Amino acid sequence: MAKLTVGDQFPAAILNDIDGVAVNFPAVFKNAPATVLFFYRGRW
Amino acid sequence: MTAFVYEWERYLEGKVQILGISVEPPEEGKKLLERVTRDCQEDRPHIPLDPYPVRLLSDPDATLIRACGTENEGHWAGTIAAPVTYVVDSSGKVKWAYVSDSAADRPSPVALAKAACAVAAGRETPAAYPSK
């Protein structure tokens, strides 16, 4: 069961996208009114 | 996710961004994106999905994956992300979540699109939407 659930604030972190561009959480959520974010193993 | 991208193209473009996170290195993410883009172009050539509207992020140490509690430590390949889908508002608050039972268990594209639409419009996601 995921610890992060409805009503929680998304944690802070910095990751790179596949082009090497840094993505800052939670600041990236300001890029759109809503974000669909999925965790995946690979090859969905 | 491809089915959801079709919903995105019809109803959500400009309102919703799509992010995908895994432990895979960037090279694998690029291969994946090239493949799903090609599949979409063959499947629905009338829909212009170039660039494919999903931004893939690499979390090789599972730092954010663990911070969200979505890690699967027991996989034969090592630590990977469990399949979980969130809809998050612009302030970073989680508004909707779907915790999958397996990699093949993903939320209905329509239910996910409805939830994303509601969040983008500043409405609460109705409890009737399938979410778990």
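Two strands are said to pair if DSSP finds at least two bridges between them. With that criterion in place, I turn to the structure shown above, which is a predicted model.

Strand E1 of chain A, residues 13-17, meets this criterion with E2(B): the two pair in the antiparallel sense over two bridges. One position to inspect is Asn16(A), whose bridge partner in E2(B) is Ser58(B).

A further pairing across the chains involves strand E3 of chain A, residues 34-39. Six bridges join E3(A) to E1(B), and these strands run parallel. Within this pairing, Phe38(A) stands opposite Gly20(B) in E1(B).

How are these strands arranged in the sheet? Seven strands form an open sheet with mixed pairing, and the order is E2(A)-E1(A)-E2(B)-E1(B)-E3(A)-E5(B)-E6(B). At the edges are strand E2 of chain A, residues 22-25, and E6 of chain B, each of which pairs on one side only. From one strand to the next, the twist averages 30°.

I come now to the contact between the chains. Chain B contributes 51 residues and chain A contributes 36 residues. On the side of chain B that touches chain A, the elements giving two or more residues include helix H2 (26-43), strand E5 (84-89) and helix H4 (109-120) of chain B. Which element gives the most to that side of chain B? E1(B) does, with seven residues. By residue class, the side of chain B that touches chain A divides into 30 nonpolar, 12 polar and nine charged residues.

To close, E1(B) is the strand to keep in view: E1(B) is joined to E3(A) by six bridges, and E1(B) also gives the most residues to chain B's side of the contact.

Conventions:
Residues are numbered from 1 along each chain as its sequence is written. Chains are lettered from A and ligands numbered from 1 in the order in which they are written. This is a predicted model: local features need pLDDT of at least 70, side-chain atom pairs count only at pLDDT 80 or more; totals for chains, interfaces and linings use all residues. Two residues are in contact if their C-beta atoms, placed from the backbone, lie within 7 Å. Helices (H or I, at least four residues) and strands (E, at least two) are DSSP runs, numbered from the N terminus. Ala, Val, Leu, Ile, Met, Phe, Trp, Tyr, Cys and Pro count as nonpolar, Asp, Glu, Lys and Arg as charged, and the others, Gly among them, as polar. Axes are lines fitted to C-alpha atoms, for helices over the stretch in contact, and angles run from 0 to 180 degrees between N-to-C directions.
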